[in-house]
Amino acid sequence: MFDGNSDIAQVAFDTTLEGIIIADSDAKIVMTNKAIEKIFGYKAAELLGKDLHMFVPKTLRALHLEHYKMYAKDPNYLSFDNAREIIGMHKDGRQLPLELKLSQFSYKNKDYAQAIITDITKRKAKETENTIAKTILEKKVKDYTAELEKVVKQLRQTNQDLEIEIKKKIVAKQKARKALIAERELGQLKTKFLSLASHEFRTPLSGILTSAILIGKYIPEEKENVTKHLKVIKSMVNHLSNILDDFLSLDRIESGQIHYKFSKFGFNKLMEKIMKETSSLMKKGQHINYIPCTICPKLYQDKRIVHIILSNIIFNAIKYSPEDSPIDIAVKTGETIVITVTDKGIGIPKNEQKDIFSRFYRASNATHLQGTGIGLNIVKANVEGLGGTIVFKSTLNEGTTFTVRLPKNVDI
Ligand code: ADP
């Protein structure tokens, strides 16, 4: 047995916090300190002279034996400066995680091994806890990363879809713009052509009219048939001239060349003239209900343009309503002068009402009647040019009311 010769050395040995075991070269325990009792649950007396293997779990004993044999042959074999982690066995059979530092020494010609042992159960538990937490965290990070990648992929896809959609829209917009430009150019071309043609037609037409008037003067009055036909020629030529005027004013409106000429005139007088002109166009049994306004003031407006506006609307009312039907014209004055023309005619289909003021537009129920589709376009441009408004209400097969509102004194 190892005989320590110093009390201090014994106290220090016993109070060292690490467990200390000293064994001889046959692996017999020769000395242990108090900490060993605490770690392994044995009393010192139970350990003395026992085989070191009692601290080794059964499954590891063969390996331990191998090591110890090597150690017996070469004492340096198991010496190491750095601590190693090993598994030990408690008296009650529990396995203990331990940290071991091993050294050897000789005393009185005998070799001894000294093992310094620390119970690292708590540290290991903490490490396991940390490892579990780390694993959970890693899994979470992995899951979040996967989720994030999925979202990024979706976003990238959505982005690509959006880019495709935007490209499509840009192409569609460009196409629409090109179509619009082409349409506008075509419209301008049409207008230019009409205006050119109208200029050319005007001279021969006025020649026809003059000749018809002259023929009328030379033919004796009893030639009733001739007079009747001359009347037809005159009215047709006038009608054609009106159409040509419309064509010409289209060009003027488009190029912004309308110059209004304002003057003072009596509204009732103008209406009388219009009624006279339109009466020759009325169908059998059609009649206009118009009571001239009694306190109609004088207007300061462009008389010729107001004439064109009202005769166009009244002529449409006659054209688009049947024989024996009434046309009501009402006039109201206040700040402005408001003229309404109501017929009981074919009406305008609801879905086409938005287009009715567009140039050359004719409603689908009107194509069997003569027309050019430019009258209302000119009317609207002129009404607005004079500072007024034009609106209408229409029911298919029941009738239409156009309302024109004009300032009485233009201040343009
Ligand atoms: P046009 O009469 O020469 O066709 P307008 O520009 O005067 O041309 O009128 C455009 C279209 O509006 C007409 O073709 C017709 O379809 C519709 N319209 C105008 N006035 C009336 C009305 N009083 N009743 C029914 N439809 C009308």
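Trainee: Which residue in β9 is the bridge partner of N289?
Mentor: D328 is the β9 partner of N289. By the way, this is a predicted model, where local features need pLDDT of at least 70, side-chain atom pairs need 80 or more, and totals for chains, interfaces and linings use all residues. Numbering starts from 1 along each chain, and side-chain values use heavy atoms, without hydrogens or water.

Trainee: OK, and which strand does N289 sit in, and how does it pair with β9?
Mentor: Strand β7 covers residues 287-290, and it runs parallel to β9, residues 326-333, over four bridges. (Strands are DSSP E runs of at least two residues; pairing takes at least two bridges.)

Trainee: What stands opposite D328 in β10?
Mentor: T342 does. Strand β10, residues 336-343, pairs with β9 in the antiparallel sense over seven bridges.

Trainee: How many residues link β9 to β10?
Mentor: Two, in a hairpin.

Trainee: Switching to the ligand, which residues come nearest?
Mentor: There are 20 residues around the ligand, and N316, Y320, R362, T372 and L376 come nearest. Being around it means having a heavy atom within 4 Å.

Trainee: What about polar contacts, say for N316?
Mentor: A polar atom in the N316 side chain is 2.8 Å from a ligand oxygen. The cut-off is N or O atoms within 3.5 Å. In Y320, a side-chain N or O atom lies 2.6 Å from an oxygen of the ligand. G375 uses a polar backbone atom, 3.1 Å from a ligand oxygen.

Trainee: How much of the ligand does the protein bury?
Mentor: The protein buries 98% of the 520 Å² that the ligand exposes when taken alone, using the Shrake-Rupley method with a 1.4 Å probe.

Note on methods: A polar contact is a pair of N or O atoms within 3.5 Å; within protein, one must be able to donate a hydrogen and the other to accept it, and residues adjacent in sequence count only if both atoms are side-chain atoms.
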